[in-house]
Amino acid sequence: MAADLMEIDDSLYSRQRYVLGDSAMHQMAQSSVFLSGMGGLGIEIAKNIVLAGVKAVTLHDTKQCETWDLGSNFFIRKEDVLSQRTRVEAVCPRVAELNPYVHVEMSSSALDDNTDLSFLRKYQCVILTDARLSLQKRVNEFCHSQQPPIRFISCDAYGICVRVFCDFGEEFEVSDPTGEEPKEIFIQSITQDNPGVVNCMDNQPHGLQTGQSVVFREVSGMVELNGTIRQVSVLSPHSFAIGDTSQLQPYVHGGFFALVKTPKTYKFETLEQQLCDPQVLTPDFSKPEAPLQIHAAMLALDSFQEQHSRLPNIGCLQDAEVLIKLTEEVNATLKSKTPVNAELVRCLSRTARGTLPPLAAAVGGLASQEVLKAITGKFAPLQQWLYLDAIEVVRPLQSLSAEEFVPRGDRYDGLRACIGESMCHELHKLRVFMVGCGAIGCEMLKNFALLGVGLARSSGEVCITDPDLIEKSNLNRQFLFRPHHIQKPKSTTAAEATCDINPDLQVDAHLNKVCPATESIYNDLFYSRLNLVVTALDNVEARRYVDSRCVSNQRPLLDSGTMGTKGHTEIIVPSLTESYNSHRDPPEEEIPFCTLKSFPSVIEHTIQWARDKFENAFVHKPSMYNSFWQTHSSAEVVLQRIQAGESLEGSFQVIKLLSRRPSQWEQCIAIARLKFEKYFRRKALQLLHSFPLDTRLKDGSLFWQSPKRPPAPIEFDLNDSMHFTFVVSTARLFAGIYNIPYSEQDVSEEVVTRILAGVKIPEYRPSQKCIETDESAKKPDHMKIPVSSEEEREAMAQLEQAIATDRVTPEWLQMSPLQFEKDDDSNGHMDFVMSASAIRARMYSIEPADRFKTKRIAGKIIPAIATATAAVAGLVALELIKVVGGYSFESFKNCFFNLAIPVFVLTEPAPVKQTLIRNNIYFSIWDCWTIFGHEDFTLSDFMNAVREKYGIEPTMVVHGVKMLYVPVMPGHSKRLKLTMQKLIKPSVDRRYVDLTVSFAPEADGDEDLPGPPVRYYFSPDGGTP
């Protein structure tokens, strides 16, 4: 099959397609990459680009496997070392296993100053890792001089310092520098002037920059603008000028604009040209001089290697001094000079032979994204250097003896050279709980394995939990899983794969969710045994819960997340930083109910409407039906109770479902056809009946003006494939919930056409019901809507009829609710949402979305790519070392990055806030006061104990939502004599409760003062009462 016609395997690549788009995916599938160096950095890049789906990769390396490699290369095994295999032989089949669509070759030929480089011409991108600088220059010159140029990337990792360099040629065109989807923004007004000024509706920010271009659509009055592209000049966040509009017709109403993506060309210089005046990215604004300091230090390290044919020896002070001198010499040649950072150079000298696997993972993720940019022209490339250091990891270790860092002949020698034997031992003893084993989870486990976190022999343990099973779409970035693992649990599979990387790890895998329902498993005793918690979750709610448990149990939490090419890490350390719950993102804006129901203006509205229809008809109603008949098992009794005037919640809807229940496939097709009529024809006719096109509001303006779009009724047409898909998928879903069998023949055009010919469509008669136009109105709860006496009589008659005709059988009192499954194309779920949304979009003249976009919005899919996942996990694992070492607040770094732009920002975490109660009594979120009681301990005893222990008078005591003591509440003063046991009524195994206590203000009339939670233990020793 021709490459350009190649189908993208959506079941594997769907999450990544949402990041890169199809054009970039096709370009990757036609590109060949050469990657040299199978150390820790090389294997990271190999993993990420093979998962991404390039056409072919040649892995190149000339070294043999050594024990040392086991600590940096996750695809080298002990047997590879024992059988003296080359590194490339060992890793090649394991890399190839990651993606069946990628052709992985290996090469162990010499690549040096004498090699004929013409073999590189068949590659679109060449990556060198851990190569001598002279070779990097030579290969780069060759790549730069080709027509078209071969994109060149070099990466090096030496101990605590890493660098990435990119050269994509003199003119590198990027189709889409940001990857952000242009938003459609509605227009409030356009002036007829020179220049004409556009104002956004509802003061919505346009997010434009001067010089960008926008396209106009659906403008009324100034129609000449429609379809034209105008360059903008930004005036304010909500307005911009678009050049002369004075000769156009006056603006009347409506219309929207969207940003037009324009390609951008980037110019690159060669490595040689860039050495003296490097163009660098600044990742940490607290040390803006660091990139140039590392640049000088790493170039000095290159010189050291040229002169001595080796790296500086671990702990050799003489070598460190030589390196400082060389750095000073390099610094003198730089255009922009910065003072030599002697501490950094000494740390580099001491650690250069070592490896920090998490640092390789973080930079490997970033470098891999640059490879994808090089071959697709998607996203802005790195210009031209990135330098990172992990000096905060090693700074507190400088006073340790040289003995700490010397090799011991095991897999941790590379790590030991950086952090010392004592710290390695602390990592081995670690007891970690990781929640989630998806993409970030797999990457974290790889880091744990390489760092030796949680070794059985040191009584350490990594406990992981995830309730999910592996799906094919996971394989694109959850690199511990293979096709034969599909439908197996993520946690147990990941545990097994992690132990393949490092058999000494103790991994305990669970299949539980971490939530209030599993608190009996993940109780305080469980947390008390842990050293730290890592979240690898994909939702805010779960993060908030885990965070609250960590704060309650005083445990550090390492959190991270990604969305497409964006990633963040957050480090939460008891008594030092704020917690995850200390900040709240603004809630997602909900689409108003009336917009969804009657006045959609953008495609997101019609997709959400279709998704809601699915949820209501095929999930909510069948579930409600089942729970009603589980509560009321006899239809006769239900009838008697309704006849006696009782109102049973949900009975009206349930009887309606029972009386209209289909029993044959033909009836399902008929229902589907009537639904079409209702949704796409009658709805439009009713709206236009209630609000004719010339309707005006009180202020005289037209009712039907932007963003409101008047609907046009859709006539059913069997020859329209969307209409046919809607009827068939709707019928299939009804058949599914009513357990009605159907054959392949039943869904054929022939059979469906024959059934439809017999379906009678009642004539449309306008109804007098009110249509909601208030945007603040909420969706009504149909269970709570009062039923009229006529509807009640009708329901009774329907139920009597059903009983009389023997239709009330156990099978008829049971339905099968569906669960929306977006990734299975055979189940009809996406067919329904896609067709319903597209036909509704047509009815409102909204630009439709293809199936791919519809699936993303309907399925709330978070775009994801392995590069970002690898980077966040690496950054988190670096912080883990600092947490284990008990480092000070200044050492910790949170990170936000967007690999697309690329932006990479390291910042200090938010310091913990101290809140003053009064009289120099402060508390923070990490404080928890404790009171130990006994069986006869009263509320009054509790209040006195707090006052005596903490010197402040409690005024109010609350347990959860229950007020135990509020002085102004009637009868509460009597509670002071009651025992705490009686007031709280703890469960048998409950050792304590956390109470919210308020304190008396200094002046009367002031508000009560807040305080930390007070943990009340029911027994003097804190055990179970």
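In this predicted model, the count of aromatic pairs comes to 52. One of these pairs joins Tyr-625 and Trp-629, whose rings meet edge-to-face, at 6.4 Å centre to centre and with 75° between the planes. The geometry counts as edge-to-face because the angle between the planes is over 60 degrees. Tyr-625 and Trp-629 both belong to helix H19, which covers residues 603-631, and they stand 4 residues apart, which is about one turn of the helix. Both of these residues are buried.

Aromatic residues also gather into a cluster made up of Trp-609, Phe-614, Phe-618, Phe-676, Tyr-679, Phe-680, Phe-716, Phe-726, Phe-734, Tyr-738, Phe-820 and Phe-832. One member of this cluster, Phe-820, has Arg-611 lying over its face, at 3.9 Å from the ring centre. A comparable arrangement is found for Arg-17, whose charged end sits over the ring of Phe-852, 4.1 Å from the centre of that ring.

Another member of the cluster, Phe-716, is among the residues touched by Arg-673, an arginine located in helix H22 (residues 665-690). When neighbours within four places in sequence are left aside, the contacts of Arg-673 are Phe-716, Val-727, Leu-756, Val-759 and Ile-761. Is Arg-673 buried or exposed? With a relative accessible area of 11%, Arg-673 is buried, because the term applies to residues under 20%.

**Helices and their surroundings**

Helix H3 (residues 40-52) packs against helix H28 (residues 866-884) at an angle of about 150°, and the two axes lie 9 Å apart. On the H3 side the contact is made by Glu-44, Lys-47, Asn-48 and Leu-51, while H28 contributes Ala-866, Thr-867 and Ala-870. By character, the residues of this contact divide into 3 nonpolar, 2 polar and 2 charged.

Helix H6 (residues 133-145) has 13 residues, which at 1.5 Å a residue should span 18 Å, and its end C-alpha atoms are indeed 18 Å apart, in agreement with that expectation. The buried residues of H6 are Leu-133, Leu-135, Gln-136, Val-139, Asn-140, Phe-142, Cys-143 and His-144. What covers these buried residues includes strand S4 (125-129), strand S5 (151-158), strand S6 (161-167), helix H7 (271-274) and helix H8.

Helix H8 spans residues 290-308 and holds Glu-306, a residue that is partly exposed, with a relative accessible area of 43%. Leaving aside neighbours within four places in sequence, Glu-306 is in contact with Arg-132 and Ser-134. The C-alpha atom of Glu-306 is separated by 52 Å from that of Val-551, a residue 245 positions away along the chain.

Helix H14 (residues 439-451) also has 13 residues, with an expected span of 18 Å at 1.5 Å a residue; its end C-alpha atoms are 19 Å apart, which agrees. Why can H14 be described as largely enclosed by the rest of the structure? The reason is that 13 of the 13 residues of H14 are buried. The helix is followed by Gly-452, whose phi is positive, near 70°.

**Backbone features in the loops**

Four residues in loops deserve separate mention for their backbone geometry, and the table sets out the relevant values.

| Residue or bond | Feature | Value |
|---|---|---|
| Gln-147 to Pro-148 | cis peptide bond | omega about -10° |
| Ile-901 to Pro-902 | cis peptide bond | omega near -15° |
| Asn-203 | positive phi, not a glycine | phi near 50° |
| Ser-459 | positive phi, not a glycine | phi about 60° |

Pro-148 has its place in the loop between H6 and S5, and Pro-902 lies in the loop between strand S24 (894-898) and strand S25 (903-907). Asn-203 is located in the loop between strand S9 (197-200) and strand S10 (213-217), where at 53% relative accessibility it counts as exposed. Ser-459 is found in the loop that runs between H14 and strand S19 (461-465), and with a relative accessible area of 52% Ser-459 is likewise exposed. Both assignments follow because the term exposed applies to values over 50%.

Definitions and conventions:
Residues numbered from 1 in each chain as written. Predicted model: local features only at pLDDT ≥ 70, side-chain atom pairs only at ≥ 80, totals over all residues. Heavy atoms only, no water. Phe/Tyr/Trp six-rings, centres within 6.5 Å; stacked < 30°, edge-to-face > 60°. Helix = DSSP H or I, 4+ residues; strand = E, 2+ residues; numbered from the N terminus. Buried < 20%, exposed > 50% of the residue type's maximum accessible area, 1.4 Å probe, protein only. Lys NZ or Arg CZ within 6 Å of the ring centre and 35° of its normal. Axes fitted to C-alpha atoms, helices over the stretch in contact; angles between N-to-C directions. Contact = heavy atoms within 4.5 Å. Nonpolar A, V, L, I, M, F, W, Y, C, P; charged D, E, K, R; others polar. Expected span 1.5 Å × (residues − 1).
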